[in-house]
Amino acid sequence: MDHCALRPRITVRRLFFNASATGLLLMSAAALAETPAAPVAQLQPKPNRCVALHQGQVCYQDVMLSWSAVQPGEFCLYQKQADQPLHCWQAAASGQYRYSFASDGPVQLQLVNSETKTVVAETQVDVAWVYKTNTRRKTHWRLF
């Protein structure tokens, strides 16, 4: 049996394997380059859901908002689409705020870096209902 005839197959297999491995490494490097950067800050509400009795009712609840940042700075807590901040902190890397939630729908809250005017963290407080509205109205009278 001639071993020289098998040599080209082994070389082709090795080339294919090396090319495949190189392709996987390049794809992995590309995937790592596309991953988002680590968050600058975190904002967490407790509880994150307010429960009202009937759908459409305003839900009232105190929500404790806790935040922490990678580096200390000047941060303000905003309700999304609001001009005035709920509370601001100076030279702080973490903080807490008791938010008096009163809404019939979800509310988005943002932690903004006051120096750069950028949103560094965002969260939402949802509203849930025990009883949903019935589409068919009940009549409370009868003819007979």
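This briefing covers the nonpolar core, two buried polar residues and a surface patch. The model is predicted, so local features need pLDDT of at least 70 and side-chain atom pairs count only at pLDDT 80 or more, while totals for chains, interfaces and linings use all residues. Residues are numbered from 1 along each chain as its sequence is written, and side-chain values use heavy atoms, leaving out hydrogens and water.

**Nonpolar core**
- The largest nonpolar core (buried Ala, Val, Leu, Ile, Met, Phe, Trp, Tyr and Cys joined through side-chain atoms within 4.5 Å) has 22 residues, of which L43, L65, W67, Y99, F101, L109 and L111 touch the most other members.
- Two or more residues each come from strand 1 (41-46), strand 2, strand 3 (59-79), strand 4 (87-103), strand 5 and strand 6; strands are DSSP runs (E, at least two residues) numbered from the N terminus.
- Strand 3 gives the most to this core, seven residues.
- Beyond four places in sequence, W67 touches residues including L43, F75, W89 and L111, where contact means heavy atoms within 4.5 Å.

**Buried positions**
- N113, in strand 5 (residues 107-113), is buried at 14% relative accessible area (buried means under 20%, with a 1.4 Å probe and protein chains only).
- Outside four places in sequence, N113 contacts E74, F75, T118 and V120.
- T123 lies in strand 6 and is buried, with 14% relative accessibility.
- With neighbours within four places set aside, T123 contacts L43, P45, V107, Q108 and L109.

**Surface patch**
- V51, L53, V130 and Y131 make a nonpolar surface patch of about 390 Å² (residues with over 30% relative accessible area and no salt bridge, nonpolar side chains being joined within 5 Å; areas by the Shrake-Rupley method with a 1.4 Å probe; a salt bridge is a Lys or Arg side-chain nitrogen within 4 Å of an Asp or Glu carboxyl oxygen).
- Strand 2 (49-54) and strand 6 (118-131) each supply at least two of the patch residues.

Notes
Helix = DSSP H or I, 4+ residues; strand = E, 2+ residues; numbered from the N terminus. Buried < 20%, exposed > 50% of the residue type's maximum accessible area, 1.4 Å probe, protein only. Patch = residues over 30% accessible without salt bridge, like charges linked within 9 Å, V, L, I, M, F, W, Y side chains within 5 Å.
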